[in-house]
Amino acid sequence: MKKRVVIILSISIVCIGAFGAYMLWKQKSLRTPPGIVSTQTPALPELVLWEDQAGFSFKYPKELSFDKHDEDEVNYAHIEFKSATHSGRLIVWAKDTTYTDVNLWVTKDKNLSSAASVDTTLSSQPAKKIILSAPSKKIIIGTISDQILFTIEAEPTEGDVYWTTVSDTIASSFAFSSADSSAAGTAASGDAGPSFDEEEVVE
């Protein structure tokens with residue numbers, strides 16, 4: 001009787017040991033080997049190109065909705081972007097200005113004179129990046145060309161860097177067209193009309 005108990009206990013111990021060894025082997029095989037780092041990166045948003053009659057272009061995330069504010073007959077461009085999943089917004093402006101350069105703009109504009117600003121570029125032109133904290137947080141990147149002020153104004157929400165990232169994406173891809181910003185003068189006069197290819201016009 002005692003011999004049978006010993007045999008049963010021995011078999012049980014062997015089975016438990018084998019099962020434990022199998023589970024350890026399985027867990028080890030699922031682990032990433034030391035020194036190997038996962039190469040997966042977060043999916044980047046799909047970008048689309050915006051080409052504006054005011055003489056500039058930029059890329060923005062396709063997931064955004066936009067309003068061109070056609071009712072605005074004062075400014076050359078007034079493009080408002082919003083997200084279905086993130087609070088806040090971003091507006092791209094092109095408007096007349098009496099300032100001859102961005103340094104005068106940030107020092108003479110009473111809304112910006114007390115804000116922190118740093119030098120940057122927009123389409124290879126001197127620009128300013130301004131951070132406003134009141135009355136609400138706003139990040140503005142702007143440049144002046146042909147007495148037209150071009151700005152990218154992001155209004156992020158606290159703790160969410162989404163609109164800051166979108167602002168950086170638009171700013172890094174921002175470019176003036178070959179006709180430069182003088183095209184804005186045509187757009188401001190009302191309906192710019194259809195555009196024609198130069199080769200089609202010249203006979």
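**Notes on helix 3 and its surroundings**

1. Let's start with helix 3 (residues 162–173): its 12 residues reach 17 Å from first C-alpha to last, close to the 16 Å expected at 1.5 Å a residue. That expected span is 1.5 Å times one less than the number of residues. Helices (H or I, at least four residues) and strands (E, at least two) are DSSP runs, numbered from the N terminus.

2. Before going on, bear in mind that this is a predicted model, where local features need pLDDT of at least 70 and side-chain atom pairs count only at pLDDT 80 or more, while totals for chains, interfaces and linings use all residues. Residues are numbered from 1 along each chain as its sequence is written, and side-chain values use heavy atoms, with hydrogens and water left out.

3. Which residues of helix 3 are buried? They are Y162, W163, V166, S167, I170 and A171. Buried means under 20% relative accessible area, exposed over 50%, and partly exposed in between (1.4 Å probe, protein chains only). The buried residues sit on the same side of helix 3 because they cover an arc of only 165° around the axis, taking directions from the helix axis to the C-beta atoms.

4. Those buried residues pack against strand 2 (56–61), strand 4 (77–82), strand 5 (89–96), strand 6 (116–122), strand 8 (138–145) and strand 9 (148–155). Contact here means heavy atoms within 4.5 Å.

5. Now for a sheet that helix 3 crosses. Here 3 strands form an open, antiparallel sheet in the order 1-2-10. Strand 1 (47–52) and strand 10 (175–176) are its edges, each pairing on one side only. Strands 2 and 10 are joined in the antiparallel sense over 2 bridges, and F56 stands opposite F176 in strand 10. Two strands pair if DSSP finds at least two bridges between them.

6. Helix 3 lies across strands 1, 2 and 10, running at about 145° to strand 2. Axes are lines fitted to C-alpha atoms, for helices over the stretch in contact, with angles from 0 to 180 degrees between N-to-C directions.

7. Two loop residues are worth a look. H69, in the loop between strand 3 (65–67) and strand 4, has a positive phi of about 50° although it is not a glycine. H69 is buried, at 13% relative accessible area. D146 lies in the loop between strand 8 and strand 9, and its phi is also positive, near 50°, in a residue other than glycine.

8. Stepping back, the protein has 5 helices and 10 strands. Buried residues make up 32% of its 203 residues.
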